[in-house]
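Hi there,

Here is the structure I promised to pass on to you. Have a look at it first, and then read my notes below.

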Amino acid sequence: MFRVITTYRTGGPYPVIEKGPWHPDRQNAETWADRLRTLGYVVRIESQFNAVSEDNSALADALASMA
């Protein structure tokens, strides 16, 4: 099971982190992550058992740690 975690800002001091629904396979989660990336969101994919690193997850983690 995999899900997409989206990070964005709304003008406030803290980033908004939204966790999407669980998908049965990684390919389905990758499809949604790609769609969100084209819209300008910072996303990463998380596995049900452990976090899976994505190419922009370092930025997302840095933004989340600022909260």
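The notes below go through one helix, two strands and a residue that caught my eye. Please keep in mind that this is a predicted model.

Let's start with helix α1, which runs over residues 26-38. Its 13 residues should span 18 Å at 1.5 Å a residue, and the C-alpha atoms at its ends are indeed 18 Å apart, so the expected and the modelled span agree. Three residues of α1, Ala29, Glu30 and Ala33, are buried. They cover an arc of only 100° around the axis, and therefore lie on the same side of the helix. Gln27 and Thr38, by contrast, are exposed and sit on the face of α1 that is turned away from the buried side.

What covers those buried residues? Strands β1 (2-8) and β3 (42-47) are among the parts that do so.

The two ends of the helix are worth a click as well. At the start of α1, Asp25 has a side-chain oxygen that comes within 3.4 Å of the backbone nitrogen of Gln27. After α1 comes Gly40, which has a positive phi, near 95°.

Now to the strands. β1 and β3 are antiparallel partners, paired over 6 bridges. If you want to find the pairing on screen, look for Ile5, which stands opposite Arg44 of β3. Strand β3 is mostly covered, with 6 of its 6 residues buried. Its two faces are both covered: one side holds Val42, Arg44 and Glu46, the other Val43, Ile45 and Ser47, and all of these are buried.

Helix and strands come together in the largest nonpolar core, which has 6 residues: Phe2, Val4, Ala29, Ala33, Val43 and Ile45. The elements giving two or more residues to this core are β1, α1 and β3.

Finally, a residue to zoom in on: is Thr6, at 9% relative accessibility, buried or exposed? Thr6 belongs to strand β1. The cut-off for buried is under 20% relative accessible area, so at 9% Thr6 counts as buried. Leaving aside residues up to four places away in sequence, Thr6 touches Val16, Ile17, Glu18, Leu36, Tyr41, Val42 and Val43. Two of the names in that list, Val42 and Val43, turn up on opposite sides of β3.

Enjoy looking around, and do write back with any questions.

Best wishes

Note on methods:
Residues numbered from 1 in each chain as written. Predicted model: local features only at pLDDT ≥ 70, side-chain atom pairs only at ≥ 80, totals over all residues. Heavy atoms only, no water. Helix = DSSP H or I, 4+ residues; strand = E, 2+ residues; numbered from the N terminus. Expected span 1.5 Å × (residues − 1). Buried < 20%, exposed > 50% of the residue type's maximum accessible area, 1.4 Å probe, protein only. Arc of directions from axis to C-beta. Contact = heavy atoms within 4.5 Å. Polar contact = N/O pair within 3.5 Å; in protein donor to acceptor, adjacent residues only side chain to side chain. Pairing = 2+ DSSP bridges. Core = buried A, V, L, I, M, F, W, Y, C linked by side-chain atoms within 4.5 Å.
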